[in-house]
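Visitor: I am new to this structure and would like a close look at a single part of it. Could you take me through one helix carefully, and then through what can be said of the packing elsewhere?

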Amino acid sequence: MRYNRWFTPWVLVIPALTWLLVFNLWPSINTVILSFTNARPIGGGTFVGLKNFETLLHDEQLRWALLNSVIYMVVCLPFLTVFPLLLAVLVEKKLPGITFFRTAFYTPVVASAVVVALIWQWILDDRGLVNGLAEKLGVISGPLPFLSDQWLLLLSAISLTIWKGLGYYMIIYLAALGNVGRELHEAAAVDGAGPVRRFFYVTVPGVRGTMILISILISVSALRVFSELFILSGGKGGPGGRDNSVVMLIQQYSQGFEGNLGYASALSIVLFFVTVVPMLVLARLNRRGAEA
Amino acid sequence: MTTVTDPARPVVKETSGPPAGRRRGSFGFNTVSPREKVVRYLLLVFVLLITIGPFLWQLSTSLKGSGEDIYTRIPKLLPAQPTFDHYKAVTDTIPVWDYARNSLVVAVLVVGGNVLGASLAGFALSRLQFRGRKLVLGLFLATLVLPGEVTIISQYVTVREFGLANTLFGVALPGMIGALNVLLMYNAFRSLPIEVDQAAIVDGANAWQRLVYIGLPSVRGTISVVAIFAFIGAWDDFLWPLIVLTDPDKYTLTVGLQYLSGTFSNNPRLIAAGTMIAFIPIVIVFATLQRFFFKGVEEGAVKG
């Protein structure tokens, strides 16, 4: 690299580095600082010590939000690790028209969460498609309150997240399937293994690492859920605010005269620890699995 | 395609891409029996109904005439009295085109910033030797574990201090160079063989020339993935513009749609028309560029 002036690399790196420092690193530090203040959305704020964290302990809405997050994660994990893999296997073979199907399956990912949540709101309406069909078939006698019952609303949002995530994880699996040796499949086929056994004994072990990565991604995004619950509950967080997520609470405290950026920052710190835990656990599982 | 610098065929550094030609030479194994073909297509169509059905239903609702019963027990996909009235009604009641323009402004800023900033940094970090390189790389990696929502409040405080609260530039600014995109570009540049660089140096090419004539042309796949994701991310984002923007006339489409649904919750046809206006552009963008997207996926641009 003789022809380099010493500052050339820095000229190239500085814009990205500036963004990193100003919009990632400084906000991380500032979140901690803010959490000890009572800063308002309009500005100002004074040091209040641990007051925000004391409030956290008695915040009933936060307790519901954390419970919702755990339910969200536990339900999403199995569905979103398994179905997208099956989809990836389905679209892997290059049949005529397969590009169309791949693109179509990816469409819910490309659409905004707001758009798809509004679509689901209409489908799950008291007089919407699902209730209409179920009543017609005689499965139910009256409409199910998908959008006004605490648990049904949570379940609706979870199904929406699963539906929207299928294509996303399918693509990641698809990239991983390309690395599973075709020879292994052929060898297994020669040995008389059918498609089902090949799936369990060749495909699944082949994408094991990806599966762990995907389960980390699923857990973290389940804990960060916002738009789906926000839109489906009409921005109100369900009956009595019991269908809030942690991010919804952060958003609520970020605005208006009632807003409190200090408390919102304390909630952000809770969110940080909540999302880091499953990441560490799964990364650990991965390492142990790799050693075994 | 320039064969030597094809990123799918790394020469020096090890990558996880599949060795070339693995798919060849497996005679007979790739052929699909007619029965399997039928089963596969049936399953594909079934999944298609699940993934695309809701969009079609919304499209159909948006086109159904006001006199038509949209609540009928036997759902009808095809509108009996198709009409574009609701699209006109939506644009008359809320400034949808302004919202769309706002979303576009934000998306263009974010795409431009990311393509430029991430390419430059990715190139320097992977192809140039300099003191502090490892440290900078580590910083980029470290921020990946941090979910964006954790810092969203203090990010808002930063943007407010710049005097950019309630502006579109304030919406675009923090996302204009994403750490993940820098790392994607870093990975893409890293998989080019180092010999090409060495040859170029012998020929007297400086860092800029190597970036423009060797680096960038060989990572077009990853650049398009970065651009597509940046566009979709900016266009679809909801939480951040919801926090930054307070004036209804500055809303982006997603925030505007939420506002629309709050105001017209009793008119599903109108909301359906609004969602379609937000949805159709992004589908067109993706459908046009999906070729590059899936190519980028095969190059290994999407690996978490």
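**A helix and its two faces**

Guide: In this predicted model, helix α2 of chain B, which spans residues 85-93, has His86(B), Tyr87(B) and Val90(B) as buried residues. These three lie on the same side of α2(B), because the arc they cover around the axis is only 105°. An α-helix has 3.6 residues a turn, so residues three or four places apart point the same way. On the face of α2(B) that is turned away from the buried side, the exposed residues Asp85(B), Lys88(B) and Asp92(B) are found.

Turning to helices that pack across the two chains, helix α5 of chain A (residues 113-123) and helix α12 of chain B (residues 253-263) have axes 9 Å apart and meet at an angle of about 25°, which means that α5(A) runs roughly parallel to α12(B). From α5(A), the residues Val114(A), Val115(A) and Leu118(A) meet Thr254(B), Leu257(B) and Ser261(B) of α12(B), and by class this contact has four nonpolar residues, two polar ones and no charged ones.

As for the interior, the largest nonpolar core has 173 residues, and Tyr72(A), Phe105(A), Leu125(B) and Phe140(B) are those with the most contacts inside it. Helix α7 of chain A, residues 150-177, gives the most to this core, with 17 residues. Beyond its neighbours within four places in sequence, Phe105(A) is in contact with residues of both chains, including Leu87(A), Met170(A), Leu44(B) and Leu48(B). Another core, of six residues, lies apart from the largest one, and among its members are Ile212(A), Ile216(A), Val220(A) and Met279(A).

Technical notes: Residues are numbered from 1 along each chain as its sequence is written. Chains are lettered from A and ligands numbered from 1 in the order in which they are written. This is a predicted model: local features need pLDDT of at least 70, side-chain atom pairs count only at pLDDT 80 or more; totals for chains, interfaces and linings use all residues. Side-chain values use heavy atoms; hydrogens and water are left out. Buried means under 20% relative accessible area, exposed over 50%, partly exposed in between (1.4 Å probe, protein chains only). Helices (H or I, at least four residues) and strands (E, at least two) are DSSP runs, numbered from the N terminus. The arc is that of the directions from the helix axis to the C-beta atoms. Axes are lines fitted to C-alpha atoms, for helices over the stretch in contact, and angles run from 0 to 180 degrees between N-to-C directions. Angles under 35 degrees count as roughly parallel, over 145 as roughly antiparallel, 65 to 115 as roughly perpendicular and the rest as oblique. Contact means heavy atoms within 4.5 Å. Ala, Val, Leu, Ile, Met, Phe, Trp, Tyr, Cys and Pro count as nonpolar, Asp, Glu, Lys and Arg as charged, and the others, Gly among them, as polar. A nonpolar core is a set of buried Ala, Val, Leu, Ile, Met, Phe, Trp, Tyr and Cys residues joined through side-chain atoms within 4.5 Å.
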